[in-house]
Amino acid sequence: MKVKLLLVKIYYSFPIQLLLLHFRKYQVLLIFWAILFSTINGGFAKVFGGDALYLAPEYLGKVNFYSTTILGLATGFFTMSWNITTFILHTGRFKFLATTSQPFFRYCLNNSLIPLTFVLCLLFRGWQYQHYQQLSTVPEMLLLAEGFVCGLLFVIFFSFFYFFNADKNISRRLERRFGSPRNFLKLVLKPTKEHDENALPVHNYFSTPFKVRRARNVDHYNKHYLDSILKQHHFAAMITVGCALVFLVILAFLMDYNAFRIPAGASVMVFFAFLIGVAGAYAYLLQTWAIPVLLVMLFILNWMTVNDLIDNRNKAYGLNYRQPGQRPEYSAAALQQFFSAERAAQDRQHTLQILDRWKAKFPQERKPMLVVMNYSGGGIRAATWTMNVLQRLDSLTHGALMEHTMLMTGASGGMMGASYYRELYYRKLQGAPVNLYDSAYTERISRDLLNSVFSAMAVNDFITPFRSFQIGRNRYAKDRGYAFEMQLNQNTDHVLERTLKEYQQPELQARIPMLIWNATINADGRRLLISPQPVSYLCAPAYLYPTRPVRDVDGVDFAQYFAAQQAMDLRVTSAIRMCATFPYVLPNVFLPSNPIVDVMDAGIRDNFGQETSLRFLFNFRRWINENTSGVIYLQIRDTRKNEIQPIKKKKDLGDLVFEPLFTMQQHWSAMQDFDQDNMVNYMEGHFPGKFHRIIMQYVPQKEDKAAALSWHLTSREKVDIAGALNNPANQAAIEYILKLMK
């Protein structure tokens with residue numbers, strides 16, 4: 001009997017009734033908590049490194065006391081926004097709060113089950129992450145935890161201080177309104193005959209963290225009086241929601257300054273705080289009209305987007321979008337007419353001049369080995385692996401690797417690392433004090449890009465999408481694409497702040513290798529080829545015996561097709577971003593064609609960059625056979641080749657439903673591998689005995705500890721990537737390259 005009575009008391013306690021009410025009413029507000037719980041536990045956005053935003057928050061490029069303090073402040077802000085919003089929505093069901101001192105404090109205390117669980121989970125997961133992934137010491141982890149807790153408690157105590165003063169102001173207003181204490185008591189103790197259908201039974205509640213009190217019966221109170229008390233608190237709460245919007249707008253306008261780029265996890269928290277406040281206010285004010293009004297708003301928003309009244313399309317920085325009448329037509333017929341066989345032959349002669357100048361760098365008595373490099377996509381992981389491989393190979397060959405390299409091409413993160421290394425090589429040739437093999441450069445390219453992207457997404461893209469910046473007479477949106485390029489320039493000490501035009505002469509003179517960035521055109525899957533040299537011969541297959549009257553154009557030479565739009569003024573960082581536009585993480589780049597088309601990640605078409613290099617080799621096979629001792633076809637990839645993913649022994653309902661839908665996506669890289677291996681096999685026949693295919697692949701030291709495909713790497717992942725060079729297969733590949741380069 002006592003056990004049953006105890007269970008009844010627990011069930012009808014205020015914390016349990018509140019928890020059940022959250023799941024019964026306004027479940028949309030729980031989605032925010034579900035996203036946060038899933039993110040820190042490696043569920044939601046794991047492939048993008050979402051957990052790192054909260055478990056290793058970066059501020060000014062470092063994870064330290066200040067970064068976790070900012071995250072703690074944001075977590076406290078979100079928690080209080082959650083409490084404020086649910087307080088506004090639910091307190092009408094718990095009228096006994098109006099008879100207590102400091103109703104909001106009592107409400108928050110009893111509504112702390114979900115926030116407290118989240119905070120404990122975050123601290124626990126953060127401790128694990130810092131220990132195993134960031135390789136932090138115990139004192140360092142304690143300092144990070146202290147920063148988070150201090151930030152959280154500061155916001156909570158400040159909020160309670162604010163509402164404590166609000167209680168005093170409400171009491172003064174009520175005294176002025178009702179006059180003498182006798183009139184006040186008459187109204188308060190005059191019960192209404194209206195039955196409150198929304199009221200929920202509560203037997204007890206926490207009055208302090210360590211004291212439980214019985215909830216007072218309020219039937220003898222005037223209902224309208226109780227409502228007026230709670231509404232006064234609602235007004236005080238709404239002010240706090242407005243503060244979130246003001247803070248986000250301030251952050252958006254100050255994003256260009258490093259000090260105001262708070263950790264991405266904190267930005268997302270503040271953004272969630274704003275959304276949850278808006279959702280609560282919306283539901284509270286409109287009540288049953290909430291869904292119809294929402295549908296009308298969505299219809300209006302869609303109409304404005306369709307009619308270009310809202311235009312947040314991302315553009316390639318440096319490109320001219322101001323003259324719609326001069327835009328090139330994008331159609332199959334226009335492409336076939338533009339990329340003609342005559343243009344291809346002319347561009348081929350242009351590249352033959354570069355090949356001749358490349359050969360002239362070597363002694364005439366012997367034929368040099370020609371190196372072609374292919375880089376795979378894979379975010380910061382691929383960029384870091386590329387830098388490690390290039391530094392090791394170039395140092396072991398005493399600089400001969402880059403000297404012998406004719407072409408560099410690939411996808412996504414790999415091209416980021418390749419672009420950075422080639423720029424450093426070029427600066428060294430110009431006499432700059434650059435030590436190409438300094439590990440500091442690898443550390444720079446491996447720095448975080450995820451925080452800036454997600455911060456901009458939460459602040460710029462959603463709150464102030466109208467903000468823009470100017471290059472010359474051209475204006476572009478300040479969105480997460482802008483944040484990505486700005487952060488990449490900062491990480492690499494601004495050495496990539498160049499345009500395509502600046503590489504035109506060095507490549508033409510064969511001082512540096514030709515480098516071709518690739519992207520995929522969404523409209524039809526054609527490849528966009530970005531190079532300062534005319535390369536239209538790569539835009540269609542070069543059939544030996546063409547039997548069709550038209551060319552099968554499957555690519556677009558960016559520089560030539562958009563020449564009227566100042567294509568050579570394109571920023572190199574924009575070319576890298578177009579090559580690495582992973583869905584949702586970065587915005588698709590729109591091009592000034594007619595009709596407008598957009599591009600995204602090169603990996604959709606070719607994640608290893610081999611199609612471009614194989615077509616290049618086929619076009620110049622005769623020259624290569626006559627003027628070189630052979631081809632080193634080097635593939636630098638951040639995934640293991642011929643890897644088989646075992647089938648799950650036990651499948652849940654989710655596997656049965658979703659596996660058929662995502663099977664193609666899961667095996668996309670493997671299918672590209674099989675297809676490209678077949679093409680490489682045919683290519684070997686054009687260079688009998690002179691084609692040397694070598695693969696340098698990132699193989700994690702532990703199968704289940706591979707570096708994430710993300711724009712963020714942990715300390716452990718960076719060490720693991722560097723250590724992959726010592727893998728037996730990679731060591732054998734290095735020895736083979738050294739043998740060929742002798």
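Let me start with helix H7, where the buried residues are Ile-114, Pro-115, Phe-118, Val-119, Cys-121, Leu-122, Arg-125, Gly-126, Tyr-129 and Gln-130. Please keep in mind throughout that this is a predicted model. The helix itself covers residues 113-132, which is 20 residues, and from its first C-alpha to its last it reaches 29 Å, close to the 28 Å expected at 1.5 Å a residue. You will notice that the buried list includes Arg-125 and Gln-130 alongside residues such as Phe-118 and Leu-122.

One of those H7 residues, Phe-118, takes us to the next helix I want to discuss, since Phe-118 is in contact with Thr-75, and Thr-75 lies in helix H5. H5 runs over residues 65-90, so to speak of its dimensions, it has 26 residues and spans 37 Å between its first and last C-alpha atoms, close to the 38 Å expected at 1.5 Å a residue. How much of H5 is covered? Mostly, it is: 22 of its 26 residues are buried. At the N-terminal end of H5 the cap is provided by Asn-64, which places a side-chain oxygen 3.1 Å from the backbone nitrogen of Tyr-66.

Within H5, let me take two residues in turn, beginning with Thr-75. Why does Thr-75 count as buried? It does so because its relative accessibility is 1%, and the cut-off for buried is under 20%. Leaving aside neighbours within four places in sequence, the contacts of Thr-75 are Phe-118, which I have already mentioned, together with Phe-148, Leu-152 and Met-269. The second residue is Ile-84, also placed in H5, and Ile-84 likewise counts as buried because its relative accessibility is 1%. The C-alpha atom of Ile-84 is separated by 8.2 Å from that of Phe-104, a residue 20 positions apart from it along the chain.

Staying with the surroundings of H5, I would point you to Ala-266, which has its place in helix H11, residues 264-286. Not counting residues up to four places away in sequence, Ala-266 touches Ile-70, Leu-71 and Ala-74, and H5, you will recall, covers residues 65-90. Is Ala-266 buried or exposed? With a relative accessibility of 0%, Ala-266 counts as buried. Its C-alpha atom and that of Phe-454, which are 188 residues apart along the chain, are separated by 10.0 Å.

Another pairing across the sequence involves Pro-15, whose place is in helix H2, residues 14-24. Pro-15 is buried, with a relative accessible area of 10%, and its C-alpha atom is separated by 5.8 Å from that of Asn-111, although the two residues are 96 apart along the chain.

Stepping back to the chain, we have 742 residues, of which 54% count as buried, and the secondary structure comprises 30 helices and 14 strands. Among contacts between residues at least 6 apart in sequence, 79% join residues at least 24 apart. The accessible surface comes to about 34700 Å², and 61% of that belongs to carbon and sulfur atoms.

As for the interior, nonpolar side chains in soluble globular proteins tend to be buried together. In this model the largest nonpolar core has 181 residues, and those touching the most other members are Met-416, Leu-528, Phe-558, Met-578, Leu-591, Leu-617 and Trp-711. This core draws at least three residues from each of two domains, namely domain 1 (1-191 + 202-289) and domain 2 (324-542 + 566-642 + 662-699).

Let me finish with some backbone details in the loops. Which two residues are joined by a cis peptide bond? They are Asn-594 and Pro-595, with omega at about 0 degrees, and Pro-595 is placed in the loop between strand E11 (589-591) and strand E12 (597-600). Then there is His-494, which is not a glycine and yet has a positive phi, near 65 degrees; His-494 is found in the loop between helix H20 (480-491) and helix H21 (501-508), and it is partly exposed, with a relative accessible area of 37%. Gln-566 also has a positive phi without being a glycine, in this case about 55 degrees. The loop that holds Gln-566 is the one between helix H22 (558-561) and helix H23 (572-579), and Gln-566 is partly exposed, at 33% relative accessible area.

Definitions and conventions:
Residues are numbered from 1 along each chain as its sequence is written. This is a predicted model: local features need pLDDT of at least 70, side-chain atom pairs count only at pLDDT 80 or more; totals for chains, interfaces and linings use all residues. Side-chain values use heavy atoms; hydrogens and water are left out. Helices (H or I, at least four residues) and strands (E, at least two) are DSSP runs, numbered from the N terminus. Buried means under 20% relative accessible area, exposed over 50%, partly exposed in between (1.4 Å probe, protein chains only). A polar contact is a pair of N or O atoms within 3.5 Å; within protein, one must be able to donate a hydrogen and the other to accept it, and residues adjacent in sequence count only if both atoms are side-chain atoms. A nonpolar core is a set of buried Ala, Val, Leu, Ile, Met, Phe, Trp, Tyr and Cys residues joined through side-chain atoms within 4.5 Å. Domain bounds come from an automatic or database domain assignment. Contact means heavy atoms within 4.5 Å. Accessible areas come from the Shrake-Rupley method with a 1.4 Å probe; for residues, only the protein chains shown count as cover.
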